[in-house]
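Reader: Could you walk me through how to read charged side chains and burial in a protein model?

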Amino acid sequence: MNNKLYLISLGCPKTRVDSELMLGLLRNQGWTLTEEPEKADAILVSTCAFLQSSIEESIDTILEMADYKQGRCKNLVVAGCLPSRYEKEMDELKAALPEVDTFLTTFQLPDIIHAIQLSKAPQAVYPDPFLLRDLVDRQSFAYLKISEGCDRRCSFCAIPLIRGKQVSRPIDSLVTEARMLADKGVRELVLVAQELTHYGHDIGLEDGLLRLLDQLEPIPGIEWIRLMYTYPWNFTQPLIERIGQGKILPYVDIPLQHVSQHILDDMRRSVRQEKQDALLRRLREIPGIVLRTSLIAGYPGETEEDVDQLIQWIREIQFDRLGVFEYSPEPGTPAGERKDQLPDHVKAERRDRIMAAQQEIQAAKMAELIGRELDVLVDGVSPEHELVLQGRYYGQAPEGIDGQVYLSYENTLKEPAQIGDIVRVRVSDAREYDLLGDVLDDPDDASDIS
Ligand code: SF4
């Protein structure tokens with residue numbers, strides 16, 4: 001009988017890729033997934049430790065999973081950002097969580113093989129985990145993690161402490177992985193990294209992201225390529241000209257964090273507000289471009305004037321998608337050590353005010369889509385209702401980040417579409433983040449993205 005694994009993956013897409021890599025290695029050793037923790041021989045918790053709230057969520061999940069060790073499960077493994085963040089205090093972490101059998105940092109993921117099999121035999125050569133990567137379910141999309149770590153030192157961010165300096169993966173390895181994902185039915189590649197536009201610098205590549213796109217675009221089966229976590233630095237004109245061409249979706253996720261110059265300086269963002277705006281203007285010229293950003297509200301020293309400036313700016317720029325996070329003081333970061341921290345209620349109120357301004361913009365943009373015809377990539381059956389399919393048009397990143405398009409196949413489709421089909425849809429209604437649509441054609445007839 002196969003050994004059974006129960007897997008929980010917390011946090012961001014980069015953690016999800018780590019989970020899929022470990023899953024691939026274990027499946028290669030004969031392990032299968034179970035959805036019932038009480039039936040698992042081992043439990044793997046892939047953790048996030050980006051913010052204090054994510055650390056708390058990781059610890060709560062570990063403690064919840066530890067209860068299952070009284071039954072069939074004999075092995076609880078905790079991997080990823082939590083052990084990485086506390087690598088120097090590993091003895092304390094082990095003492096605080098004695099239920100955990102093994103901790104694996106983000107640099108030790110291949111060790112999952114003998115960690116979970118409790119084999120003490122050293123494995124001299126591990127297979128390349130990226131080439132064994134396995135998806136939890138059939139998926140229309142997959143994240144492709146093109147580099148790990150970050151060379152920046154933004155004052156609020158714990159990522160460089162957790163994941164170290166940037167290490168880019170070679171193009172050949174990424175292309176092989178992308179082909180394998182396409183063979184499994186993936187139609188959309190979502191490129192992720194801590195700083196996507198910096199890809200390749202550490203391995204001597206000029207214009208690394210463009211070179212990578214040159215190699216990914218021709219892969220048969222891949223229809224859409226989406227760029228997430230692009231930063232204002234290294235955003236070159238040739239890259240701008242490439243976005244919206246061929247399979248590269250006219251969608252840019254560019255986390256900018258703030259607009260007030262003294263806050264940008266305090267955050268060590270090394271960017272001038274005018275340069276940020278000039279870049280946004282150039283991106284806006286791309287036909288059909290959908291712009292996403294994320295901001296921080298309540299950074300130490302932020303004034304009411306800074307918030308007013310931020311709100312006026314988002315009204316001018318008219319971001320299509322926007323996320324606002326309340327500033328969280330992270331131990332070990334320069335901003336986390338500052339004495340002028342703002343009270344939580346002030347941070348929350350500022351966040352709400354910024355989001356309220358964005359909601360007006362968002363509602364108008366969603367209403368503009370009613371009546372339009374769009375190509376929609378089918379992600380699967382909606383968890384809300386078994387007779388409803390859900391998918392996304394190019395302006396919506398996966399996993400509900402930007403909402404969904406809901407398709408009722410009772411009324412619209414002669415034959416239900418399958419995961420990974422791209423169907424032509426007329427938008428019939430819009431909600432705050434989601435769209436409702438009628439499918440127009442047979443799945444194979446659709447080809448454009450706009
Ligand atoms: S670029 Fe991103 S990951 Fe790197 S330090 Fe800044 S916020 Fe953190």
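Author: Happy to! Keep in mind that this is a predicted model. Let's begin with Arg431, which is partly exposed because its relative accessible area is 46%.

Reader: Which residue does the Arg431 side chain meet in a salt bridge?

Author: The general idea is that side chains of opposite charge can pair when their charged atoms come close. Here the partner is Asp429, at 3.7 Å from N to O. Asp429 is partly exposed too, with a relative accessible area of 31%.

Reader: How many salt bridges does the structure hold?

Author: There are 37 salt bridges. Some share partners: Glu302, Glu304, Asp308, Glu349, Arg350 and Arg353 are joined into one network that way.

Reader: Which parts does the pair of Arg16 and Glu399 tie together?

Author: In that salt bridge the closest N and O atoms are 2.2 Å apart. Arg16 sits in helix α1 and Glu399 in the loop between β15 and β16, so the pair links parts 383 residues apart in sequence. Helix α1 also holds Asp18, whose partner Arg163 lies in helix α7, so this pair ties together parts 145 residues apart in sequence. Their closest N and O atoms are 3.2 Å apart.

Reader: Are Arg163 and Asp18 buried or exposed?

Author: Both are buried. For a contrast between neighbours, try helix α2, where Asp60 is found. Asp60 is exposed at 52% relative accessible area, whereas Thr61 is buried at 9%.

Reader: What does Thr61 touch, leaving aside residues up to four places away in sequence?

Author: Thr61 touches Ile8, Leu10 and Val45. Asp60, for its part, joins Glu56, Glu57, Glu64 and Asp67 in a negative surface patch.

Conventions: Residues are numbered from 1 along each chain as its sequence is written. This is a predicted model: local features need pLDDT of at least 70, side-chain atom pairs count only at pLDDT 80 or more; totals for chains, interfaces and linings use all residues. Side-chain values use heavy atoms; hydrogens and water are left out. Patches are made of residues with over 30% relative accessible area and no salt bridge: like charges are joined within 9 Å, nonpolar side chains (Val, Leu, Ile, Met, Phe, Trp, Tyr) within 5 Å. Accessible areas come from the Shrake-Rupley method with a 1.4 Å probe; for residues, only the protein chains shown count as cover. A salt bridge is a side-chain nitrogen of Lys or Arg within 4 Å of a carboxyl oxygen of Asp or Glu. Lys and Arg count as positive and Asp and Glu as negative; His and the chain ends are not counted. The place of a charge is taken as NZ of Lys, CZ of Arg, CG of Asp or CD of Glu. Helices (H or I, at least four residues) and strands (E, at least two) are DSSP runs, numbered from the N terminus. Buried means under 20% relative accessible area, exposed over 50%, partly exposed in between (1.4 Å probe, protein chains only). Contact means heavy atoms within 4.5 Å.
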